[in-house]
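This report describes the protein chains and DNA strands shown below. It takes up the domains, the DNA-facing surfaces and the nonpolar cores in turn.

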There are 2 protein chains.
Amino acid sequence: MTEVPQVVTPKASDAATTERPLRADAQRNQAKLIEAARAEFVEHGADAPLEDVARRAGVGIGTLYRRFPTRLDLLEAIYRNDVDAIAGRAVELADEADVWSAFRTWITEFSAYAVSKRALFQQLFDAIGKGSATMTHSRETVSAAMTTMLERAQQAGVVRADVSASDVTRLVGGCTMMGALEPDQAARMVEVVLDGLRA
Amino acid sequence: MTEVPQVVTPKASDAATTERPLRADAQRNQAKLIEAARAEFVEHGADAPLEDVARRAGVGIGTLYRRFPTRLDLLEAIYRNDVDAIAGRAVELADEADVWSAFRTWITEFSAYAVSKRALFQQLFDAIGKGSATMTHSRETVSAAMTTMLERAQQAGVVRADVSASDVTRLVGGCTMMGALEPDQAARMVEVVLDGLRA
DNA sequence: TGCGAAGTGGAGGACGCCTCCGTATCGTAA
DNA sequence: TTACGATACGGAGGCGTCCTCCACTTCGCA
């Protein structure tokens with residue numbers, strides 16, 4: 001219900017490291033594992049048995065462990081995947097004729113997603129540190145998407161011109177990440193922020 | 001180093017429930033278990049084997065499980081214990097001649113403790129919910145201690161009069177609980193707050 | 001001092017974690 | 001197309017932790 005991401009981008013080898021790409025079957029399995037893990041973690045919490053994840057993905061437990069040596073690696077992969085999906089959603093929404101509605105939709109989806117995964121983020125964040133490649137990637141990706149959405153909305157004159165992308169990120173982040181809020185309370189706060197942003 | 005609490009108050013049956021008190025040996029074991037669990041969790045993280053906790057306490061694993069059916073129950077007991085210790089510390093400090101120094105010490109210790117256990121709290125909080133007896137007890141106890149410390153400091157004229165206990169709690173809480181801060185960064189923020197509070 | 005209630009301890013079954021290596025599949029070069 | 005090394009797969013099994021269960025011990029009241 002608050003699940004935004006579905007897009008499984010097999011992800012071309014990103015960083016500088018010159019590793020040869022995964023074999024085709026391995027790539028398929030990796031994608032299946034991420035998908036299965038997401039589903040399993042949603043249904044049974046973030047410490048569902050990894051054997052169940054492997055079974056659901058239709059691969060052996062050994063394959064899971066080769067690709068994701070720890071549970072955290074799996075969580076990290078899901079997270080990256082989700083961040084990419086959120087950015088992808090911004091691209092999709094860029095086609096919408098109603099610019100305000102597109103902006104509004106994106107912010108709402110983004111924050112709903114953030115709320116639903118707050119505890120998970122905290123855990124990841126604590127474990128891998130804010131300097132990690134994943135966190136940098138996440139910051140940059142979200143920031144780029146936010147900039148795109150915001151600039152379009154500002155050029156169309158539906159969002160006030162005196163706020164920056166980082167302001168908006170901080171505002172929305174503040175509504176969703178701090179404290180243990182009820183989802184609908186966070187949603188109300190986001191409504192207020194959106195109201196404040198509208199030109 | 002950031003470990004404030006040592007006081008193990010065996011805790012008279014608190015709520016309304018008319019349960020007969022624990023037998024003396026059971027009470028001793030309960031205290032030993034809490035103490036051992038605290039030590040074990042500090043040394044090996046919050047998912048140290050419960051068998052080790054039992055061994056360290058010098059009791060059987062069965063005894064541990066009878067008293068604390070889940071790991072969370074144990075964490076909860078430690079937390080309650082700690083909250084009581086912090087409140088106890090406020091009482092101790094009420095004797096200090098230098099009122100400002102006492103206030104400052106208490107706030108510093110309080111926040112250092114909060115920072116050191118932030119992740120744990122988050123976990124507990126998410127698991128048992130803010131309406132739980134433990135959380136209510138915690139809120140009330142801390143609030144009472146804060147009120148005591150603050151009023152004394154205000155009457156002595158060392159802390160500005162226009163702030164309430166809940167303001168201060170929120171300020172300090174804000175420095176310590178939000179985001180994944182480095183301990184010394186949090187400490188600096190607390191310094192700033194203290195500076196702002198001084199009359 | 002005796003006796004029932006309360007408490008204890010730890011063996012053992014269940015279950016999840018993770019490794020290891022024989023087998024299968026891929027992809028490239030001829 | 002074949003052939004062959006590199007790459008990847010699967011899952012049995014060893015290990016460690018969880019948690020239950022119940023025969024035995026201890027407490028504390030009369």
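Into which domains is chain A divided? In this predicted model, chain A consists of domain 1 (23–69) and domain 2 (71–197). The centres of domain 1 of chain A and domain 2 of chain A, taken over C-alpha atoms, are separated by 26 Å. Their contact involves 7 residues from domain 1 of chain A and 8 residues from domain 2 of chain A. On the side of domain 1 of chain A that touches domain 2 of chain A, H1(A) provides the largest share, 3 residues. By class, that side of domain 1 of chain A has 6 nonpolar residues, no polar residues and 1 charged residue.

**Helix H1 of chain A**

The 21 residues of H1(A) should span 30 Å at 1.5 Å a residue, and the end C-alpha atoms of H1(A) are 30 Å apart, which agrees. The buried residues of H1(A) include Asn29(A), Gln30(A), Leu33(A), Ile34(A) and Ala37(A). An α-helix has 3.6 residues a turn, so residues three or four places apart point the same way. The buried residues of H1(A) pack against helix H2 (50–57), H3 and helix H4 (71–93) of chain A. After H1(A) comes Gly45(A), with a positive phi near 80°.

**Surfaces near the DNA**

The table sets out the residues near each DNA strand by class.

| Surface | Nonpolar | Polar | Charged |
|---|---|---|---|
| Near DNA strand C | 9 residues | 6 residues | 6 residues |
| Near DNA strand D | 9 residues | 6 residues | 8 residues |

Around DNA strand D there are 23 residues, of which Asn29(A), Val59(A), Gly60(A), Gly62(A) and Ala24(B) come nearest. Two or more residues of this surface come from each of helix H1 (24–44) and helix H3 (61–67) of chain A, and from each of helix H1 (24–44), helix H2 (50–57) and helix H3 (61–67) of chain B. H3(A) gives the most to the surface near DNA strand D, with 4 residues.

Around DNA strand C there are 21 residues, and those that come nearest are Ala24(A), Gly62(A), Val59(B), Gly60(B) and Gly62(B). At least two residues of the surface near DNA strand C are supplied by each of H1, H2 and H3 of chain A and H1 and H3 of chain B. Here the largest share, 4 residues, comes from H3(B).

**Nonpolar cores**

The largest nonpolar core has 42 residues, and Leu33(B), Trp106(B) and Met149(B) have the most contacts inside it. Among the elements that give two or more residues to this core are H1, H2, helix H4 (71–93) and helix H5 (99–116) of chain B. H4(B) gives the most to this core, with 10 residues. At least three residues of this core come from each of domain 1 (22–69) and domain 2 (70–197) of chain B. Not counting residues up to four places away in sequence, Trp106(B) touches Arg89(B), Ala90(B), Leu93(B) and Met149(B). A second, separate core has 41 residues, among them Leu33(A), Leu75(A), Val115(A) and Ala186(A).

**Leu120 of chain B**

Leu120(B) lies in helix H6 (residues 118–128) of chain B. Why is Leu120(B) classed as partly exposed? Leu120(B) has 15 other C-beta atoms within 10 Å, whereas a buried residue has 20 or more and an exposed residue 12 or fewer. Not counting residues up to four places away in sequence, Leu120(B) touches Ala46(B) and Leu75(B). Leu120(B) and Arg67(B) are 53 residues apart in sequence, and their C-alpha atoms are 21 Å apart in space.

Methods:
Residues are numbered from 1 along each chain as its sequence is written. Chains are lettered from A and ligands numbered from 1 in the order in which they are written. This is a predicted model: local features need pLDDT of at least 70, side-chain atom pairs count only at pLDDT 80 or more; totals for chains, interfaces and linings use all residues. A residue is near a molecule or strand if its C-beta atom, placed from the backbone, lies within 6 Å of it. Ala, Val, Leu, Ile, Met, Phe, Trp, Tyr, Cys and Pro count as nonpolar, Asp, Glu, Lys and Arg as charged, and the others, Gly among them, as polar. The expected span of a helix is 1.5 Å times one less than its number of residues. A residue is buried if 20 or more other C-beta atoms lie within 10 Å of its own, exposed if 12 or fewer, and partly exposed in between; C-beta atoms are placed from the backbone. Two residues are in contact if their C-beta atoms, placed from the backbone, lie within 7 Å. A nonpolar core is a set of buried Ala, Val, Leu, Ile, Met, Phe, Trp, Tyr and Cys residues joined through C-beta atoms within 7 Å. Domain bounds come from an automatic or database domain assignment.
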